[in-house]
Amino acid sequence: MNDTTKDIIQKLNLLAEETAGKLEWLAEFGKDPEGGVSRLLYTKEWVEGQNALKEWMESEGLEARFDEIGNLYGTLKGKNTNETILTGSHVDTVKNGGRFDGAYGVVAGIIALKYLKKHFGEPVRNIEVVSMAEEEGSRFPYSFWGSKNIVGIAKREDVETINDFEGVPFVEAMEKAGFGFRDESKGPRKDLKAFVEVHVEQGSVLETEKIAIGVVNNIVGQRRYTIELSGEANHAGTTPMGYRKDAMFAASHMIHEIISMAIEVGDPLVTTVGKIEAYPNIVNVVPGKTIFTIDVRHTDKEAIVSFTEKMTARMQEISNEHAVEMKVDLWMDEDPVPMDQKVVDLIEEQCKNNGFNYKVMHSGAGHDSQIFAPAVPTAMLFVPSLKGISHNPAEFTEPEDLAEGVKALIGALYELGYKE
């Protein structure tokens, strides 16, 4: 990047106010009385939010359009219209979610294109911001509908028979919102040369370490399990301890072992038991059945496989010790997704050149970038999240940190879009 570009980025002093203001504006679409945002796929609030973003894109001189399923694009046309650099994120939220998750990446992308157009004019190749239709899976039991359609891996049959929590069919909601299925015979887009997503961290690493920018080099893989333990329900007063087949005792023993094993392995492995149910769940009955979940994440596939194999073997030993039967359901098995090293290096170089306080890190949460990465050179930028809170009305990032993320995005898009 030349000195002029560096100087311009450093002088964008109003970015904090502008970015924070636009996020507050967007949060009005789907605003909850409790203070959060509920903007679920294909709802009235979602449609109004997408249309408002389209008007904003057009007011900034971008060519705005929807694709068949409702992804919204704003394009800064380049000399070579056969190549496109893409940025953006998703506009849908979880129910009663926050103002920043997903929305920040869209707002940051529009603002970045606005300043690139103002200061540098026409790029060498198209630079495009996308407000993706859906990522969260919060209305329908399907995630990444927006990005999966862009890269051509979403299938009509995946959603034709699913309903939302009120029984509304996916297809009906989509058509009512004014959209339909893409033509799968056309395949994925061929013009995309890179995708850069900027996002709030949804964790506490950057805030704790007092770092403004995270350059993401990997998105963790995940394995999720449901464990069902079957023992024998019996009277709490008349059944001696040695005669019991206590499914809750066995579960608590397993959970202690699982978490202890994860602590011993250490970062970046994380393991969580987030849900547990006991049956019959009565104060004076020995539990005869217990069901709990396990979430295991790591940046290395072999490490996940190794840990979970040892974990399940140890659980089987504990099951035998307590004389209970164990059923293991592995219902999610997602591999880690590395970001493109060349794009990561380019972003890191921009952070160095502009004097940003940054670190290279992995993402412990899933993002649209993991869908793009196998098909398009991809990287991510993080900004801090207050106390790591996300999917919550209390979600917050300081305006100054929002601005640093936009500046880092401007630098990355300049290098990718304006250089020959």
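**Two annotated sets and the nonpolar cores**

Arg297 sits in strand 12 (residues 289-298), a strand being a DSSP run of E, at least two residues, numbered from the N terminus. The model is predicted, with local features needing pLDDT of at least 70 and side-chain atom pairs pLDDT 80 or more, while totals for chains, interfaces and linings use all residues. Residues are numbered from 1 along each chain as its sequence is written, and side-chain values use heavy atoms, without hydrogens and water.

With a relative accessible area of 16%, Arg297 is buried (under 20%; exposed is over 50%, partly exposed in between; 1.4 Å probe, protein chains only). Its side chain makes a polar contact of 2.9 Å with the side chain of Asp295 (N or O atoms within 3.5 Å, in protein one able to donate a hydrogen and the other to accept it; sequence neighbours count only through side-chain atoms on both sides). Setting aside residues up to four places away in sequence, Arg297 is in contact with Val220, Gly221, Gln222, Arg224, Pro268, Leu269, Val270, Ile304, Gly364 and Ala365 (heavy atoms within 4.5 Å).

One of those partners, Arg224, belongs to strand 7 (residues 221-230). Arg224 is partly exposed, at 23% relative accessible area. With the same exclusion of residues up to four places away, Arg224 touches Ile294, Asp295, Arg297, Asp329, Leu330, Trp331 and Met332. Asp295 is thus a contact of Arg224 and also the polar partner of Arg297.

UniProt, in an unreviewed entry, lists Arg224, Asn284 and Arg297 under "binding site"; such annotations may be inferred rather than shown by experiment. The three do not all gather at one spot, because the farthest two C-alpha atoms are 37.0 Å apart, over a span of 74 residues in sequence. From this set, Arg224 and Arg297 are in the lining of the largest pocket (an open set of 1 Å grid points where a 1.4 Å probe fits, with protein on both sides within 12 Å along at least five of seven lines; lining residues have an atom within 4 Å of a point).

The UniProt record, also unreviewed, gives a "binding site" feature at His90, Asp101 and His199 as well. Here the residues cluster in space: they are spread over 110 residues of sequence, yet the largest C-alpha distance is 9.9 Å. His90, Asp101 and His199 are each part of the lining of the largest pocket.

His90 is located in strand 3 (residues 80-90) and counts as buried because its relative accessibility is 0%. The side chains of His90 and Asp101 are joined by a polar contact of 3.4 Å. Beyond four places in sequence, the contacts of His90 include Gly102, Met132, Glu134, Glu135, Glu136, His199 and Asp368.

His199, in strand 5 (residues 192-200), is likewise buried, at 1% relative accessibility. The His199 side chain reaches the backbone nitrogen of Gly102 at 3.5 Å. Among the residues His199 touches, outside four places in sequence, are His90, Asp101, Tyr104, His367 and Leu381.

Tyr104 and Leu381 lead on to the nonpolar interior. In soluble globular proteins, nonpolar side chains tend to be buried together. The largest nonpolar core has 86 residues, of which Tyr42, Tyr104, Trp145, Phe170, Ile213, Ile347 and Leu381 touch the most other members (buried Ala, Val, Leu, Ile, Met, Phe, Trp, Tyr and Cys, joined through side-chain atoms within 4.5 Å). Excluding residues up to four places away, Tyr42 touches Ile69, Arg139, Trp145, Phe170, Ala173, Met174, Ala177 and Phe179. A second, separate core of 21 residues includes Ala251, Met315, Val324 and Met326.

Terms used:
Helix = DSSP H or I, 4+ residues; strand = E, 2+ residues; numbered from the N terminus.
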